[in-house]
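Work through the exercises below with the sequence and the model side by side, and try each task before reading its solution.

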Amino acid sequence: MIEKGHQVNPMGQMPGKSGDELLRVTGLKKYFPITAGVLRRVVGQVRAVEDVTLSIRSGETLALVGESGCGKSTTGRLLLRLLEATSGDISFEGKDIRKLDRRQLREMRREMQIIFQDPFSSLHPRMTVRNLIAEPIAFHGLAKGRSEIDEQVDRLMETVGLSPANRNRYPHEFSGGQRQRIGIARGLAVRPKFIVCDEPISALDVSIQAQVLNLLSQLQRDNGLTYLFISHDLSVVRYISDRVAVMYLGSIVEMAETAKLFAAPRHPYTSALLSAIPVPDPSLERAGRVILEGDVPSPSNPPPGCAFNPRCQFAESRCRVETPKLRPIAAPDGTSTQVACHFAEKIDLKGVGPNVPAAGQ
């Protein structure tokens, strides 16, 4: 990845020095009640996020990956308090976000923003692009008067590759890629330090996806931004992320630097995900493909022990009764991967996958 230094950026903020911890999450849980009957009696709960612990350093991109419904987007919303956590701690620049009152949370929202998956539904259809981008600027008092707001709007539009001449047009008059650029400009308007990118390119045509990824990377370099990049597309994750956290049924099962995770996964689920990436040589794909048996268990009725044990070819009796903790596994080069697997040191994933070509091949 590109070196990320300590400099004043064009948006007027001073990003933290690369490597400083910006956000820390400890024991994060989110349970949704299941109700039934006219009286809406609680009959169970959906464990959408289960004991997530992670940290994100200033200037880096941490990717959060996994199958649909595993809790990725819920985790992103919990970090911004768009959803309230059932339990756990969320610390941003040393401040406990869960203890902030409404006024303090509004101030914190300047530092933390989100880019949504569907750019059309996230933009008010009856507001012009100018008003969509100007709204957060005016709300947080970041400009004085209409002319100064318009200057900032024009600069933001140029930053994301849009012509200011189109500021008075409406969202439906733009293409999908252009609408996502509008959403990015709106997120940048309050000069944030941290952005949750929730599947930001999955609703776009393949031909447009690379353009938006390149834009996000450029904005990060120019402005010292920190990303939590949520995606199910591992090819995209490999391109944009510094580290990867793999989520299964609401819990993180592996977390490592991107190059290390792709080269040598330590959890069977990670290996299965990577083996599913299409490769140019069909014979390699057949030799290394891991087919997971069964379906993902319901988060309202997770299996005892390791949540992955019903689908894991390496599962033993211990896996069916004891939940593994995310723990560091040392590597010969002195670095470590965090893995939630009882037998990560014992199992041999060589030949199980992935047969992933090196970047650029």
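Two strands count as paired if DSSP finds at least two bridges between them, and strands (E, at least two residues) and helices (H or I, at least four) are DSSP runs, numbered from the N terminus. The model is predicted, so local features need pLDDT of at least 70 and side-chain atom pairs pLDDT 80 or more, whereas totals for chains, interfaces and linings use all residues. Residues are numbered from 1 along each chain as its sequence is written, and side-chain values use heavy atoms, without hydrogens or water.

**Exercise 1.** Find the strands that pair with β12 and state their sense.

*Solution.* Begin with strand β11 (residues 327-330), which runs antiparallel to β12 and is joined to it by 4 bridges; here Pro328 has Gln338 as its bridge partner. Then turn to strand β10 (residues 251-257), which pairs with β12 in the antiparallel sense over 2 bridges, with Glu254 opposite Val339.

**Exercise 2.** Decide whether β8 is enclosed or not, and identify its partners.

*Solution.* First, 6 of the 6 residues of β8 are buried (under 20% relative accessible area, 1.4 Å probe, protein chains only), so the strand is largely enclosed by the rest of the structure. Next, separate the two directions: Thr226, Leu228 and Ile230 point one way, while Tyr227, Phe229 and Ser231 point the other. Finally, β8 pairs in the parallel sense with strand β3 (residues 61-65) over 5 bridges and with β7, also parallel, over 5 bridges; Leu228 is the bridge partner of Leu62 and stands opposite Val196.

How values were computed: Buried < 20%, exposed > 50% of the residue type's maximum accessible area, 1.4 Å probe, protein only.
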